[in-house]
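Thanks for asking me to look this over. My notes are below, as numbered points that you can read alongside the model.

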Amino acid sequence: MDSVDFDALEHEARRLMPPASFAFCACGADDEISMVENIAAWRALRLRPRVLRDVTAIDTRVTLLGRQVPTPIMVAPTGRHKLFHPLGERATARGAAAAGSAYVMASNSNILIEDVAEERRDAPQWFQLYYWPNRAEVEALIDRLVEAGFTALVLTVDAPVGGWAPRAAREQHQPTPDILNINMPGRPMARTAYHPDFVGKVMYPATWRELEWLVKRSPIPVIVKGVLRGDDAVACVEQGARAIMVSNHGGRHLDTTVTTAAVIGEVVQAVGDKAEVYVDGGIRRGTDILKALALGARAVMVGRPIIWGLTVNGADGVTAVLDHLHVELVRAMQLSGTASLSEAVPDLLAR
Ligand SMILES: Cc1cc2nc3c(=O)[nH]c(=O)nc-3n(C[C@H](O)[C@H](O)[C@H](O)COP(=O)(O)O)c2cc1C
């Protein structure tokens with residue numbers, strides 16, 4: 001899949017998925033404005049390539065929380081992978097590991113944490129946590145994760161209640177006993193965030209107090225995902241967060257937010273060198289990745305394209321998507337005279 005064209009890949013994934021699974025993957029909240037604008041915002045940025053640089057050796061290595069990885073491209077946490085492939089997150093984790101990419105496993109996964117851990121190779125596995133109301137259950141989960149070798153907790157804070165996605169609501173996934181949110185308390189049958197039962201319910205009541213508690217309780221670093229403002233990012237870091245994920249959840253909950261491309265610079269500047277900053281939302285090209293890194297992101301995460309690859313070809317499909325983006329990143333670096341990621345600085349972009 002060297003010549004992967006993401007439009008064609010999405011098309012093929014759509015053909016293979018049940019319509020409700022596709023609707024769940026593809027949807028954005030309300031009018032899908034943020035989802036669409038995320039993509040457009042990266043594309044609208046203009047590069048100022050440098051010429052006559054030696055680009056024969058390109059270095060894409062980066063350290064994430066002290067651990068070196070070969071690529072700044074990570075797999076974003078997306079839930080319920082058995083809706084897309086029978087092996088679920090086991091295949092996703094295997095595919096990410098083969099590409100050397102950090103894998104962020106979602107709370108709403110359909111495969112046990114311990115089984116996903118078996119797929120780990122050299123790249124880190126982190127776990128995306130939704131803070132549910134019972135603290136003892138959160139504690140038990142943290143202990144299990146640490147035991148299984150996960151090296152960071154990613155607390156998602158941008159969806160205390162579910163948004164509303166008309167597309168997914170119209171084509172509801174029907175819960176079945178073979179697809180469980182198996183790591184959640186009570187192992188419920190998987191329902192999407194857009195199930196009518198969830199409307200108006202505060203599912204994940206995390207506040208600053210819970211963040212403070214989590215940072216103290218967790219033996220592994222805490223990352224906060226879903227931040228779109230410099231002041232919030234600074235407050236998270238003051239509470240002990242080791243990294244910030246600038247994200248609007250792929251435009252799936254609150255519509256008409258700022259785009260992530262528009263605010264990554266503000267967050268990086270506010271946080272300074274006190275924490276690492278990553279970004280996701282609408283990253284579809286190597287040039288998008290280079291732009292994000294130039295604006296100060298240490299790494300990027302990719303959501304929907306990973307699901308397309310998973311659907312079409314399981315673990316190999318996930319690897320192919322990540323490898324494809326990596327090849328594009330290297331090419332963009334070569335064509336812009338950027339031999340290593342330390343040379344990806346704001347000056348590479350037009351104001
Ligand atoms: C099907 C799907 C499920 C998702 N589930 C979660 C989740 O459980 N937790 C979370 O923090 N983010 C979730 N996200 C958001 C992603 O982590 C990420 O922020 C977003 O997909 C990035 O945008 P992109 O899809 O345009 O690359 C989900 C995204 C999709 C597409």
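**Notes on the model**

1. A word on helix α4 to begin with: its buried residues pack against β3 (73-75), β4 (103-105), α5 (113-117), β5 (125-129) and α12 (304-335). Packing here rests on contacts, and two residues are in contact if their C-beta atoms, placed from the backbone, lie within 7 Å. Helices (H or I, at least four residues) and strands (E, at least two) are DSSP runs, numbered from the N terminus.

2. Please keep in mind that this is a predicted model, in which local features need pLDDT of at least 70, side-chain atom pairs count only at pLDDT 80 or more, and totals for chains, interfaces and linings use all residues. Residues are numbered from 1 along each chain as its sequence is written.

3. How many residues of α4 are buried? Eleven of the twelve are, so α4 is largely enclosed by the rest of the structure. A residue is buried if 20 or more other C-beta atoms lie within 10 Å of its own, exposed if 12 or fewer, and partly exposed in between, with C-beta atoms placed from the backbone. The buried set includes the charged-looking names you may want to find on screen, Glu 89, Arg 90 and Arg 94, and also Gly 88, Gly 95 and Ala 99.

4. The same helix covers residues 88-99 and reaches 18 Å from its first C-alpha to its last, close to the 16 Å expected at 1.5 Å a residue. That expected span is 1.5 Å times one less than the number of residues. After α4 comes Gly 100, with a positive phi near 75°.

5. Stepping back to the whole protein chain, there are twelve helices and ten strands. The C-alpha atoms fill a box of roughly 60 × 45 × 40 Å along the principal axes. A compact globule of 351 residues would have a radius of gyration near 20 Å, and the chain's 19 Å agrees with that. The radius is taken over C-alpha atoms, and the globule rule is 2.2 Å times the number of residues to the power 0.38. Of the 351 residues, 51% count as buried. Among contacts with a separation of 6 or more, 73% are between residues 24 or more positions apart.

6. Next, the strands. β5 and β6 run parallel and are joined by three bridges, with Leu 129 partnered by Leu 155 in β6. Four bridges join β6 to β7, again in parallel, and Leu 153 stands opposite Val 222 in β7. β7 then pairs with β8 (residues 243-246) in the parallel sense over four bridges, where Val 227 has Val 246 as its bridge partner. Two strands pair if DSSP finds at least two bridges between them.

7. Are the faces of β6 (residues 153-156) covered or open? Both are covered: Leu 153 and Leu 155 on one side, and Val 154 and Thr 156 on the other, are all buried. In a regular strand the side chains alternate between the two faces of the sheet. In β7 (residues 222-227), six of the six residues are buried.

8. Val 157 sits in the loop between β6 and α7 (166-170). With 21 other C-beta atoms within 10 Å, Val 157 is buried. Leaving out residues up to four places away in sequence, Val 157 touches Ala 206, Val 224, Lys 225 and Gly 226.

9. Which residues are closest to the ligand? They are Ala 76, Thr 78, Thr 156, Gly 250 and Gly 303, out of 23 that surround the ligand. A residue counts as near a molecule if its C-beta atom, placed from the backbone, lies within 6 Å of it. The shell divides into seven nonpolar, twelve polar and four charged residues. Here Ala, Val, Leu, Ile, Met, Phe, Trp, Tyr, Cys and Pro count as nonpolar, Asp, Glu, Lys and Arg as charged, and the others, Gly among them, as polar.

10. Two backbone details deserve a look. Asp 30 has a positive phi of about 50° although it is not a glycine, and Glu 32 has one of about 60°. Asp 30 lies in the loop between α2 (19-26) and α3 (33-44), as does Glu 32. Asp 30 counts as partly exposed, with 16 C-beta neighbours inside 10 Å, and Glu 32 is partly exposed with 17.
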